[in-house]
Amino acid sequence: MSRPVHYFFAIVSCICFLSCESKKEVPEPERPNILFILSDDHTSQAWGIYGGILADYVQNDNIKRMARNGAVLNNAFCTNSICTPSRGSILTGQYSHINQVYTLNEPLPKGHPNIAKTLGKAGYQTAVIGKWHLVEQPEGFDYFNVLPGQGSYWDPILKEKEGWKDGHDGSGGTTYPGFSTDVIADLTIEHLEKRDSLKPFLMFCNFKATHEPFHYPERFASLYTDIEIPEPESLLDFGRETTGRTFGGQILERLGARWQEATKNPDKFWTSYPGLPYPLDGLDSIQKRKKIYQKFVKDFMRCGAAIDDNIGKLLDYLEEEGIADNTIVIYTADQGYFLGEHGFFDKRLIYEESLRMPFVIQYPKKIQGGQRIDDIILNIDFAALLADYAGIDTPDYMQGKSFRGILEGNPPEDWRKQMYYRYWLHHPYRPAHFGIRDDRYKLAFFYGQDLGMKGTSKEITEPQWEFYDLQEDPKELHNAINEARYTDIVEKMKDALLEERKKYKDLDEDYPIMQEILAKTYQ
C-alpha cells in the first residue's frame, strides 16, 4: 500500500475516533435525594438549639445531630402563620394571595403548580406521607398517604388515592395502629424501601405533632414528672395595658377551659387531651395561669420528644441504606407557636414566637456542618431551593428565591434585608394584619377586616399600628408606635411596607374597604 493511502486511512481513523468521542454522553452529576420532614407548630423555643428557657429540658439529640451535620437558619420566617397556608407556600413558593390558600379550609386550585410537579417532570419520584391539610387530593405526587384533616394522634387513619374523599372524611382510608408520629415515620421508611434506587426521590414526611391536643407516646409519659419548668418573662401579661398591644390574643385560660370542657363532656368535645382531669378550681388568676402553663409546656415537649425520636430513625435509615451523603434532609415546622409568651398559646401573629420557623438542613456533599445563618429566609424560598438542588432554574411561578448560595458560603449581594407578612384569618382576639420585619425593627398594621375569607369573624376591629424595636425590646413587650424618637423610622418602615406589598402584588385592589382604610393610613 502506498504511503498516501496509509495517510488517508490514518486521517479517517482519527476523524472516526474524534467523532465517537464527541458522541459520548457526559455523565450527569448525581442529583440529590430530598427528605423534607415537616412538623406542625414545633416552635423554635422547643428545639433547644435556639437557646431559651427550655433548652435544658427538651429532648433534641437528633435535631442537634442534624445541626452538627448541617446548617441552622436563625431567621427563617413564615409568610402567614397558620397550618394550611404555610403548607401551601412551602409547596408553591408563593404567598397566600397568589396560591389562594388564605385560611384553614382552602385547597390549592386544581392544576396549580407546585414543587412536586416540577421535580416529578424532572425525573424525581415524589411522595407525601402524613399531614396534608390542603382539603383536596394531592397533585403532583406519585404516591400519597395522608391524614384526613388534622388526623388522630392514636391509631391514625391515612388515605391514599383509592377511595379518596375530600376534607376530613377518612372513611375510605386505612387505620394504622400506634402513635401518629411513629406511624408516619415508619410508613415513610416503608415507602422509601420500595423506591426505584436508580432515580432520585422527593419525600415529604409530615408529622401531625406538635399540634394541639399535644398527645405523646407512653414512653414519654414520665418525662418532667415533679419538675417545675421555667416560665417565660411575659407569662403574666394579662392585657393590653401591660405592653400597649392592640388586641387580646389567644390567652392560656382558653386552653384551660378546653381541658375542663373535655373532662366534663368527653363525648361531645372536639378532641381529647392527655393527663385529664387537671383541676383549676379555687386558684387566683396568677396561680391558674402558672398551673395551666406547666401542663401545657410539658405536654408540648413530650409530644416533641417523639418527633426527635423519629428524626433519628429516619437519619439512621438513610445511613444504613448508604444514601445519607447524597440526601438533602430538612427538618422544619410550618410556623412558630406561643408557649406562654404574652400569656398566649397558638400562633397566627407577626410576633417573633409565631413568626419564626425553626429550620435545619444537612447535605454533606455541599453544606458545611455546624453553620448558623442569620439571613432572612422565607417559607416561599424552600421550593426554589429544592428546585435549585435538583438542577432546575427557579420556575416562573415561584415568588421565593433559592438560598443555596447562602448555605454553601456564596451569599448573593442582593439578598433581602426585610420580609413581608400577612395573616388573613380575622378574629377580634387575633385581627387580620400585615407587616414588615427587618434585622432590627418590626411594623404591623392590624386592619381588622374579614374580607370575606372562610372561617373569619364578621366582627371587625379598629385599624391599629404596632411597632417594635427588636434590638432594645427583643421580647416585644412594648408597642413603641407613638414614641417620638421612632417617628422617622416608622415612616420609613411604612414606605418599605408599601414597597413590599407592591413587589409581591398584594395591594388589596379587590377590597374597596381596604382601599378606604389604606388611604387614611397613608395620607
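Is Trp154 buried, partly exposed or exposed? At 42% relative accessibility, Trp154 counts as partly exposed, where buried means under 20% relative accessible area, exposed over 50% and partly exposed in between, with a 1.4 Å probe and protein chains only.

**Before selecting anything else**

This is a predicted model, in which local features need pLDDT of at least 70 and side-chain atom pairs count only at pLDDT 80 or more, while totals for chains, interfaces and linings use all residues. Residues are numbered from 1 along each chain as its sequence is written, and side-chain values use heavy atoms, with hydrogens and water left out.

Colour the chain by pLDDT, the predictor's confidence in each residue on a scale from 0 to 100: the mean for the protein chain is 94, and 94% of its residues reach 70 or more. Residues 1-24 have pLDDT below 50, and beyond near neighbours in sequence this stretch has two contacts in the model, a contact being heavy atoms within 4.5 Å. Where pLDDT is low, the predicted coordinates should not be read in detail.

**Rings around Phe179**

Now select the aromatic side chains, among which the structure holds 39 aromatic pairs. Rings of Phe, Tyr and Trp (its six-membered ring) pair if their centres lie within 6.5 Å, and planes under 30 degrees apart count as stacked, over 60 as edge-to-face and the rest as tilted. Show Tyr153 with Phe179, a stacked pair with 5.6 Å centre to centre and 10° between the planes. Tyr153 lies in the loop between strand 5 (143-146) and strand 6 (157-158), and Phe179 in the loop between strand 7 (174-175) and helix 6 (180-193), so the pair ties together parts that are 26 residues apart in sequence; helices (H or I, at least four residues) and strands (E, at least two) are DSSP runs, numbered from the N terminus. Both Tyr153 and Phe179 are buried, the latter at 3% relative accessibility.

Add Trp154, which forms an edge-to-face pair with Phe179, at 5.0 Å centre to centre and 65° between the planes. Trp154 is in the loop between strand 5 and strand 6, so this pair ties together parts that are 25 residues apart in sequence. In the same view, select Asp155, which has a positive phi of about 45° although it is not a glycine; Asp155 is also placed in the loop between strand 5 and strand 6 and is partly exposed at 41% relative accessibility.

Then bring in Lys208, whose charged end sits over the ring of Tyr153, 4.8 Å from its centre. A charge sits over a ring if NZ of Lys or CZ of Arg is within 6 Å of the ring centre and within 35 degrees of the ring normal. Lys291 and Tyr278 offer another example, with the charged end of Lys291 5.0 Å from the centre of the ring.

For a further group of rings, select Phe36, Trp132, Phe141, Phe204, Phe359, Phe382 and Phe403, which ring pairs link into a cluster.

**Along helix 9**

Helix 9 (residues 285-321) has 37 residues and reaches 55 Å from its first C-alpha to its last, close to the 54 Å expected, the expected span being 1.5 Å times one less than the number of residues. At its start, a side-chain oxygen of Asp284 reaches to within 3.1 Å of the backbone nitrogen of Ile286. Just after helix 9, Gly322 takes a positive phi of about 75°.

**Backbone details in loops**

Step to the peptide bond from Leu276 to Pro277, which is cis with omega near 5°; Pro277 is found in the loop between helix 8 (252-264) and helix 9. The peptide bond from Glu212 to Pro213 is also cis, with omega near 20°, and Pro213 is found in the loop between strand 8 (201-206) and helix 7 (240-243).

**Two buried strand residues**

Select Thr327 in strand 9 (residues 327-333), which is buried with a relative accessible area of 0%. Leaving out residues up to four places away in sequence, its contacts include Asn33, Phe201, Leu318 and Tyr363.

Finish at Gln371 in strand 11 (residues 371-373), which counts as buried at 18% relative accessibility. With residues up to four places away in sequence not counted, Gln371 touches Gly70, Ala71, Val72, Ile406 and Leu407. The backbone oxygen of Leu407 lies 3.0 Å from a polar atom of the side chain of Gln371.

Note on methods. Polar contact = N/O pair within 3.5 Å; in protein donor to acceptor, adjacent residues only side chain to side chain.
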